[in-house]
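Trainee: I should like to learn how to read the packing and pairing of a protein model, one feature at a time. May we begin with the structure itself?

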Amino acid sequence: MNANQTFFCGEILNRHELCVRLGIEADGVALLSALYAKKGAARVAEGRGPFAACFKPGGQTVLVRDPMGVAWLYYWTKDPRVCGTGVQQVLAQGAPRKLCVEGLWACLLGGCMQEPFTMVADVRSLSPGCVLTVGEDGTQKVERYWRPSFELKDWKSRAEAEEAVTAKLEEEIVLPLGDDAEPCSFL
């Protein structure tokens with residue numbers, strides 16, 4: 001079996017801010033690894049943006065997927081160290097090519113593939129906002145590091161609500177641009 005070493009797909013939009021806070025200069029994999037080393041799965045939630053990654057701190061293998069599920073991350077359930085951002089990558093590493101009946105039924109009933117299933121038996125997608133840790137002994141542990149909040153805000157006025165929403169929108173628009181870029185408009 002040929003397992004991936006490490007990979008990162010996507011973008012951490014607040015990478016610069018996190019690197020400054022941690023006192024490091026790092027790419028996506030190194031940054032997620034540093035966040036994970038600090039406080040485990042809960043700290044990975046600080047990374048914002050669409051990403052999927054596999055990294056190996058110590059003897060463990062850690063798979064992480066962004067909260068919204070924009071980036072894809074697939075793994076072989078028998079050995080999650082066999083993983084990739086596409087089912088073909090998992091198959092290329094030696095996962096057996098066998099039809100997944102549950103995946104077929106989910107696709108036929110729902111009109112499209114339904115996560116976490118794939119058409120390949122024992123190949124699944126990691127759920128959005130989750131970290132899968134594989135120990136040296138092969139033990140697997142899935143932790144959800146993010147859940148949507150449906151908490152209602154108690155704003156005093158419409159103006160206060162508009163101000164809060166505007167501030168959040170501005171933050172989300174400027175964040176991907178980085179510190180050295182001027183904000184611009186887009187459709």
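Trainee: Leaving aside its neighbours within four places in sequence, which residues is Leu32 in contact with?

Mentor: Please bear in mind that this is a predicted model. Contacts are listed here without the neighbours within four places in sequence, and for Leu32 the list then holds Phe8, Ile12, Val44, Phe51, Ala53, Phe55 and Val64. Leu32 itself belongs to helix α2, which spans residues 28–39.

Trainee: Is Leu32 buried or exposed?

Mentor: The cut-off for burial is a relative accessible area under 20%. Leu32 has 0% relative accessibility, so Leu32 counts as buried. As a further distance, the C-alpha atoms of Leu32 and Glu46 are 9.3 Å apart, with these positions 14 residues apart in sequence numbering.

Trainee: How many aromatic pairs are there, and how is one of them arranged?

Mentor: The count comes to three aromatic pairs. One of them joins Phe8 and Phe51, which are stacked, with 6.4 Å from centre to centre and 15° between the planes. The planes must be under 30 degrees apart for a pair to count as stacked.

Trainee: Which parts does the pair of Phe8 and Phe51 tie together?

Mentor: Phe8 sits in strand β1 (residues 7–10) and Phe51 in strand β2 (residues 51–55), so the pair links parts that lie 43 residues apart in sequence. Phe51 is buried at a relative accessible area of 0%, whereas Phe8 is partly exposed at 26%. Another stacked pair is formed by Trp72 and Tyr74, with 6.0 Å centre to centre and 10° between the planes. Here Trp72 is partly exposed at 40%, and Tyr74 is buried at 13%.

Trainee: How should I read the two faces of a strand, and which residues of β7 lie on each side?

Mentor: In a regular strand, side chains alternate between the two faces of the sheet. In β7, Cys130, Leu132 and Val134 lie on one side, with Val131 and Thr133 on the other, and all are buried, so both faces are covered. Strand β7 comprises residues 130–134, and five of its five residues are buried.

Trainee: Which strands pair with β7?

Mentor: Strand β3 (residues 61–65) pairs with β7 in the antiparallel sense over four bridges. Within this pairing, Val62 has Thr133 of β7 as its bridge partner. Strand β8 (residues 140–144) is also antiparallel to β7, over five bridges, and Cys130 has Arg144 of β8 as its bridge partner. β7 and β8 form a hairpin with five residues between them, and Gly138 in the turn has a positive phi of about 95°.

Trainee: In what order do the three strands of the open sheet run?

Mentor: An open sheet has edge strands, and here the order is β5-β4-β6 with antiparallel pairing. The edges are β5 (83–84) and β6 (123–125), each pairing on one side only. Strand β4 (residues 74–76) is joined to β6 by three bridges, and Trp76 stands opposite Val123 in β6.

Trainee: How much space lies in the largest pocket, and which residues lie nearest its centre?

Mentor: A pocket may be described by its volume, its lining and the classes of the lining residues. The largest pocket holds about 300 Å³ of space. Its lining has 14 residues, with Arg48, Gly49, Pro67, Met68 and Glu172 nearest the centre. By class, the lining comprises eight nonpolar, two polar and four charged residues.

Notes
Residues are numbered from 1 along each chain as its sequence is written. This is a predicted model: local features need pLDDT of at least 70, side-chain atom pairs count only at pLDDT 80 or more; totals for chains, interfaces and linings use all residues. Side-chain values use heavy atoms; hydrogens and water are left out. Rings of Phe, Tyr and Trp (its six-membered ring) pair if their centres lie within 6.5 Å; planes under 30 degrees apart count as stacked, over 60 as edge-to-face and the rest as tilted. Buried means under 20% relative accessible area, exposed over 50%, partly exposed in between (1.4 Å probe, protein chains only). Contact means heavy atoms within 4.5 Å. Two strands pair if DSSP finds at least two bridges between them. On a 1 Å grid over the protein atoms alone, a cavity is a set of points where a 1.4 Å probe fits but cannot get out, and a pocket is an open set with protein on both sides within 12 Å along at least five of seven lines; lining residues have an atom within 4 Å of a point. Grid points are joined across faces, edges and corners, and a volume is the space filled by probe spheres set on the points. Ala, Val, Leu, Ile, Met, Phe, Trp, Tyr, Cys and Pro count as nonpolar, Asp, Glu, Lys and Arg as charged, and the others, Gly among them, as polar.
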